[in-house]
Amino acid sequence: MGMMEHDTLAAAPRAAQAQAASAPAKEYLTFRLGREEYGIDILRVQEIRGYEEPTRIANAPPFIKGVVNLRGVIVPIVDLRMRFGCEQVEYNGFTVSIILNVKGRVVGTVVDAVSDVIELPGEAVKPAPEMSSAVDAKFITGLGQVGERMLILLDIESLILSPSLGLAGSELLA
């Protein structure tokens, strides 16, 4: 019996390692903000649209550019660069709005450019180091390595629903 317990205990870390290594691959939409490249869960993306000037809302925080009417749905547009405190940039032909659907809430985010959709195996995602950055660490799920590219993987759901954005109605938090 003592021998059996020892084998079971020794096998546990190996099983945990195997489970981590075989974490399911996830697909991410990648986009640029300045020199950084970010990835978000493709399942949260409803569509990608060319940037159009939204209707400004009085007293909205500066990072909320306004709202657009998307086939009858009024969608708030958040400038992620401003939300993360990065320098402002002129919008150009590459600037796009990524329309997200988070817990039934449709929100648009303005980004510099969309790169591509990539599939990252679980082992390609590393935990983000503890450090101060433009993005609050609680919104970073990890760092993804794709060849020479390093992706900052965002928990876009937590970001959109965070009180600091002020977009989540109390009915969403119920």
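The exercises below, each with a worked solution, explore a predicted model of a single protein chain.

**Exercise 1. Describe the overall make-up of the chain: how many helices and strands are there, and what share of the residues is buried?**

Begin with the secondary structure, which consists of four helices and 11 strands. Turn next to burial: the chain has 174 residues, and buried residues make up 40% of them. Then consider the surface, where the chain exposes about 10100 Å², with carbon and sulfur atoms supplying 56% of that area. Finally, look at how the contacts span the sequence: of those between residues at least 6 apart, 55% join residues at least 24 apart.

**Exercise 2. Work out the strand order of the six-stranded open sheet, and find which strands stand at its edges.**

The order of the six strands is E8-E1-E2-E11-E10-E9, and their pairing is mixed. Strand E8 (113-120) and strand E9 (125-126) each have a single partner strand, so they stand at the edges, and one side of each is left without a neighbour in the sheet. As a reminder of what holds such an arrangement together, strands of a sheet pair through backbone hydrogen bonds, in either a parallel or an antiparallel sense. For E8, the pairing with strand E1 (residues 26-33) is antiparallel and runs over six bridges. One residue pair can be located within this pairing, since Arg-32 has Ala-113 in E8 as its bridge partner.

**Exercise 3. Find the aromatic pairs described here, and decide for each whether it is stacked or edge-to-face.**

A search of the whole structure gives three aromatic pairs. In one of them, Phe-31 and Tyr-38 lie 5.7 Å apart, centre to centre, with 20° between the planes, and the pair is stacked. Both partners are buried, because the relative accessible area is 1% for Phe-31 and 3% for Tyr-38. The rings of Tyr-51 and Tyr-91 have centres 4.5 Å apart and planes at 75°, so this pair is edge-to-face. Tyr-51 belongs to the loop between strand E3 (45-50) and E4, and Tyr-91 to the loop between helix H2 (80-83) and E6, so the pair ties together parts that are 40 residues apart in sequence. As for burial, Tyr-51 counts as buried at 19% relative accessibility, while Tyr-91, at 28%, is partly exposed. To complete the picture, note that ring pairs also link Phe-31, Tyr-38 and Phe-84 into a cluster. A ring can also meet a charge, as where the charged end of Arg-83 sits over the ring of Phe-63, 5.9 Å from its centre.

**Exercise 4. Locate Arg-71 and Lys-103, and state what is notable about phi in each.**

Arg-71 is placed in the loop between strand E4 (64-70) and strand E5 (73-79), and its phi is near 50°, a positive value in a residue other than glycine. With 63% relative accessibility, Arg-71 counts as exposed. Lys-103 is placed in the loop between strand E6 (96-102) and strand E7 (105-111), and its phi is also positive, at about 50°, although Lys-103 is not a glycine.

**Exercise 5. Characterise the surroundings of Val-106: is this residue buried or exposed, and which residues does it touch?**

Val-106 is found in strand E7 and is buried, with a relative accessible area of 14%. Leaving aside residues up to four places away in sequence, Val-106 touches Gln-46, Val-75, Pro-76, Ile-99, Leu-100 and Asn-101. As a last step, compare sequence with space: Val-106 and Val-45 are 61 residues apart in sequence, and their C-alpha atoms are 9.6 Å apart.

Technical notes. Residues are numbered from 1 along each chain as its sequence is written. This is a predicted model: local features need pLDDT of at least 70, side-chain atom pairs count only at pLDDT 80 or more; totals for chains, interfaces and linings use all residues. Side-chain values use heavy atoms; hydrogens and water are left out. Helices (H or I, at least four residues) and strands (E, at least two) are DSSP runs, numbered from the N terminus. Buried means under 20% relative accessible area, exposed over 50%, partly exposed in between (1.4 Å probe, protein chains only). Contact means heavy atoms within 4.5 Å. Accessible areas come from the Shrake-Rupley method with a 1.4 Å probe; for residues, only the protein chains shown count as cover. Rings of Phe, Tyr and Trp (its six-membered ring) pair if their centres lie within 6.5 Å; planes under 30 degrees apart count as stacked, over 60 as edge-to-face and the rest as tilted. A charge sits over a ring if NZ of Lys or CZ of Arg is within 6 Å of the ring centre and within 35 degrees of the ring normal. Two strands pair if DSSP finds at least two bridges between them.
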